[in-house]
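User: I am new to reading protein models and would like a close look at one part, the helices that pack against each other. Could you walk me through that part and then show me how the rest fits around the picture?

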Amino acid sequence: MADIVFGSGPNTATGDLFSAGILKLKARISGLEQASAGTPAPTSGQSLRANPLPPSTAYTVTNAAAFNNVDTGSVDQYIDLTYSTKGALVLYIACDAARQNGFKVKITSNTNYNVFAIVDGVDQYMDYRSSPAEYATNGRIRLEYTKKLGLRLLFGNQVDGVLIENWTLNSGRVLTTPTGTYVSATNTTAMNGVADGLSEASTPLVVSSVLVDRDTRVVKADIKYFVPTTDTLLAQVEDDSGNVLLPFAPCSVIENASAGVAKVTTTSVVPTSMLETDFKVRFKFQAKPDVAALADAYYPARTQWGGNLAGPVPYAIYRAMYQNLAVGGYWQDKQDSYAEAKLGSGSTKIDAFGNPMKAGLTLRMSTPDMPPQGSATVEFTWTGGPVSVSLENFGAGVVIGPQQKIDSNTIRWTISRDFEDTTSGFAAISLTFDAITVGNEPKNIFFCKMGADKTKRIAPEYVEFLKEFNGPIRLMDVLPALDPTGYDAVPGWSNRTPFNAISKGRRGMAYEDFVLLSQLTGRPLWVCCSLAMGNSPEGLDDLYRMARLLDTGEGGVGISGGAVGTIIFEFGNENWAPGNQNWDYAARIGRPYKSYIDDGQDGANKHGASCIGRNLMQAAMGAKIREAIPTWRTRTELTVNLQTGTGDAGNLKNDATSFAAAKPYIDSCATAPYIPFDSTAGSGTKPPADHSALSIYNWMSLSLAALPASLTGMRKRNLAAGFGKMRIYEFNIARPTVPTRTFEEDFLWLSSKYFFDLMFNYLKLLDDLGGTFAFYNDTGRVGIGQQWCVDTGPGARTNAMMDAYRAFIGKPTSRNYVYDPTPATTNPVISGASSATSFTVTPAVWPSGTKVYSRVVVITGTDGALRSLNLTGNTIARGNMKAGETFELVERGDLGDSTAFSHSNKIVLT
């Protein structure tokens with residue numbers, strides 16, 4: 001036997017010791033070592049029940065020997081059949097014996113149809129139609145082809161047999177007159193009655209749900225089959241090229257209560273060397289080997305459930321991360337139209353550590369964690385001269401008690417969460433410095449829940465929440481990854497956010513906080529770096545030092561050691577969207593290599609330049625990361641963002657020179673699947689008009705069902721293109737594009753059992769794919785239109801997403817969920833003339849035991865904007881409501897685990 005030469009050493013650019021081919025060879029050797037010589041004899045209990053073919057008379061088909069080319073309108077070919085349910089029925093007509101060069105009608109659900117012409121083995125799309133719902137089950141269907149009229153599809157029911165014409169489609173649009181005489185039908189779902197014009201089973205063995213069990217490493221599959229006698233199913237594992245990795249061996253039968261349907265597993269164990277690789281499993285019956293099927297399979301890594309960390313940004317205050325709430329806040333100047341004052345921007349309003357240098361500044365912060373209708377005492381301390389401050393709620397839902405001055409440098413307030421407001425997306429507080437002592441300005445500002453341990457930087461409650469996950473903490477919103485030009489204004493290591501500063505810096509959080517979060521939670525980091533870091537000497541030096549700090553703690557303040565586990569580095573976050581800051585910035589980098597006219601148009605040349613810029617930054621920044629971290633082969637992963645549906649993979653490869661430079665620095669790619677995919681999610685359906693939780697669930701489930709095949713295809717294409725393993729940087733389940741949905745409808749959806757179920761199903765789907773995922777977000781809020789939160793705080797009803805995750809991993813949920821809320825017996829009534837100055841309310845009547853959680857007057861302004869007032873009695877004062885505005889009373893009632901809203905009549909003011 002000739003020697004096998006493995007090469008002289010690792011690839012110095014990538015660190016790879018072996019090529020993909022060698023890995024496949026290792027898999028084959030490992031597999032063959034497990035196998036005994038020859039095909040093993042079947043063992044007891046392995047056989048499947050007999051399921052003979054049904055008679056071929058199930059369908060009526062034409063038997064014309066030749067195709068009629070006379071333009072008379074007579075029916076040349078047809079197929080006519082009855083059904084109980086159509087399922088995944090496919091009809092073929094005017095094809096050759098191989099089902100080619102004719103027409104195909106694919107029924108994707110019981111009422112939706114796609115029409116294709118089959119030309120040289122390729123399905124060419126022709127049309128999409130939908131049949132009446134009354135013919136979804138127990139009906140009759142007839143597909144006809146005529147030279148004059150083209151294709152006709154007709155429907156009826158089994159009772160009277162009357163057919164109605166659903167549509168006519170002229171075949172000349174795609175294909176000239178076919179010459180085939182073959183007519184057939186398949187049904188890969190129901191299997192019952194499957195026969196075709198040749199009186200043979202078209203698909204006698206159908207394999208689905210092929211998965212590798214990550215504990216036992218056997219392959220699991222669901223099968224549907226036809227065999228004339230009791231028989232044993234064999235399985236053989238092959239690589240994508242057809243090389244045998246594990247030879248044929250009998251399958252174990254897990255379930256076969258009904259003939260023709262079974263759950264099976266292989267008895268051969270997949271080698272660990274095949275982890276995160278694609279392969280194939282060939283199935284066949286032992287006594288009838290012509291009944292066979294080849295199925296795609298994948299050996300998934302164990303799922304790492306991570307999450308995005310949403311840092312504090314203007315007008316979107318998230319769950320409290322810091323023990324000192326001031327660290328997570330941001331400054332605005334009330335005397336300067338609320339202009340934001342940022343660290344590191346050379347501000348004359350705050351110093352380098354975020355301390356105020358003038359009066360009139362307000363620090364907007366998260367509230368401490370409190371359950372709805374809960375309360376907490378907060379304490380503000382500082383050093384320096386006397387100050388005059390005021391605390392206000394910023395967004396409805398927070399009530400602030402009177403100020404209590406404890407001593408010259410300590411002030412307290414009691415604050416409470418009054419209710420979960422359905423007209424406001426957040427609840428925050430604003431500490432305004434109405435007056436300060438010039439020359440002895442306040443320093444060492446600390447704002448926290450009374451009794452908090454001031455030696456801890458990160459709030460323990462937040463740490464415990466993050467510890468529920470085991471995957472990476474993705475840091476996007478807390479770094480200027482979305483704002484490369486903003487980084488350019490304050491580049492370099494010296495301009496990073498100081499660890500001891502309060503408020504958000506222009507450069508995001510302090511780097512040391514990343515390490516602290518990782519060490520406290522035991523979770524690895526996924527760091528999104530600004531593209532601008534790779535575009536200047538100062539930026540590359542900053543990137544180098546940041547990588548060293550994350551790796552070992554070198555150069556950090558207040559930390560010891562580096563982050564836990566593998567550090568994923570991503571450059572620029574979402575770079576794909578034309579007009580996006582990263583896209584424009586990357587285009588400027590790539591401009592010398594592919595010129596464009598920057599006239600505001602996102603043309604092909606500019607897009608090409610943007611792709612070149614991204615490739616160049618991937619190479620430059622990837623090289624700097626590996627220079628900084630000597631153990632990069634095991635310590636780091638360099639990923640590239642390939643957003644779903646953008647064609648990024650192909651676009652980045654289009655410039656061969658720049659992609660060749662980038663490719664050695666791409667270890668993986670990251671994408672973000674969405675359901676629904678767009679505003680016409682599913683099989684042509686529109687967003688549900690009633691916005692009910694059940695309707696949204698049904699609508700989004702259509703997209704969810706199509707997602708596995710989409711992600712599998714994407715993963716394979718990206719791997720083949722050189723983008724490595726696929727990660728998911730966010731997965732969005734609650735983003736129905738329903739622009740008219742109200743906050744109340746949003747609340748009902750996000751707190752519903754339907755949303756809980758959808759999330760659970762989504763997690764199961766992703767877990768089958770395996771790998772590294774990130775929720776968006778680790779923290780969150782109730783928002784209209786797009787809802788990316790995982791958890792909205794302890795006790796909140798809108799935690800269905802997070803609770804579904806808890807249930808999925810086997811942990812207790814924060815509460816139970818019910819499908820349909822218990823409504824009020826009668827709605828509230830507002831009495832009074834439209835011109836009155838006050839109005840009387842008759843409260844809603846609720847079922848016994850209901851807790852009336854909130855009573856809110858919802859006001860719709862003349863511009864359509866909503867605002868709200870909390871109602872404590874049964875009188876509504878007109879107050880500052882104006883003529884032309886509309887108001888109503890909305891009561892929320894909680895009965896056990898049920899939440900319902902009751903609306904009064906509306907009054908339009910005059």
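**Two helices that cross**

Analyst: Let us begin with helix 6 and helix 7, which are roughly perpendicular to each other, because their crossing angle falls in the range of 65 to 115 degrees. The axes of helix 6 (residues 581–590) and helix 7 cross at roughly 85° and come within 6 Å. On the helix 6 side, the contact is made by Trp583, Asp584, Ala586, Ala587, Ile589 and Gly590. Helix 7 contributes Lys606, His607, Ala609, Ser610, Ile612, Gly613, Arg614, Leu616 and Met617. A general point helps when you read such lists: an α-helix has 3.6 residues a turn, so residues three or four places apart point the same way.

Please keep in mind that this is a predicted model. The mean pLDDT of the protein is 80, and 77% of its residues reach 70 or more. Two stretches call for caution. Over residues 170–177 pLDDT stays under 50, and the model has 20 contacts beyond four places in sequence for them. Residues 421–425 also stay under 50, with 17 such contacts in the model.

Helix 7 also leads us to helix 5. Among the elements that cover the buried residues of helix 5 are helix 7 (604–628), helix 3 (484–489), helix 4 (511–521) and helix 8 (632–635), along with strand 31 (525–529) and strand 32 (567–571). Which residues of helix 5 are buried? They are Gly539, Asp542, Leu543, Met546, Ala547, Leu549, Leu550 and Asp551. You can also check the length of this helix yourself. Helix 5 has 16 residues (537–552), so at 1.5 Å a residue it should span 22 Å, and its end C-alpha atoms are 23 Å apart, which agrees. Just after helix 5 comes Gly553, with a positive phi of about 90°.

Helix 4, one of the elements covering helix 5, is home to Leu520. Is Leu520 buried or exposed? The answer lies in between: its relative accessible area is 40%, so Leu520 is partly exposed. Beyond its neighbours within four places in sequence, Leu520 is in contact with Ile458, Val463 and Lys467. Leu520 and Ala563 are 43 residues apart in sequence, and their C-alpha atoms are 9.7 Å apart in space.

Gly553 had a positive phi, and that topic has a twist elsewhere. As a rule, most residues other than glycine have a negative phi. Arg217 is not a glycine, yet it has a positive phi of about 65°. Arg217 sits in the loop between strand 12 (205–212) and strand 13 (219–225), and it counts as partly exposed at 25% relative accessibility. Glu276 is not a glycine either and has a positive phi of about 60°. Its loop runs between strand 16 (261–266) and strand 17 (278–285). With 15% relative accessibility, Glu276 counts as buried, because the cut-off is under 20%.

Finally, here is a sheet to set beside the helices. Three strands form an open sheet in the order 37-38-41, with antiparallel pairing. Strand 37 (829–831) and strand 41 (875–877) stand at the edges with a single partner strand each, so one side of each has no neighbour in the sheet. On average, neighbouring strands of this sheet are turned by 30° against each other, direction ignored. Strand 38 (residues 838–842) runs antiparallel to strand 41 and is joined to it by three bridges. For Ser838, the bridge partner in strand 41 is Ala877.

Terms used:
Residues are numbered from 1 along each chain as its sequence is written. This is a predicted model: local features need pLDDT of at least 70, side-chain atom pairs count only at pLDDT 80 or more; totals for chains, interfaces and linings use all residues. Side-chain values use heavy atoms; hydrogens and water are left out. pLDDT is the predictor's confidence in each residue, from 0 to 100. Contact means heavy atoms within 4.5 Å. Helices (H or I, at least four residues) and strands (E, at least two) are DSSP runs, numbered from the N terminus. The expected span of a helix is 1.5 Å times one less than its number of residues. Buried means under 20% relative accessible area, exposed over 50%, partly exposed in between (1.4 Å probe, protein chains only). Two strands pair if DSSP finds at least two bridges between them. Axes are lines fitted to C-alpha atoms, for helices over the stretch in contact, and angles run from 0 to 180 degrees between N-to-C directions. Angles under 35 degrees count as roughly parallel, over 145 as roughly antiparallel, 65 to 115 as roughly perpendicular and the rest as oblique.
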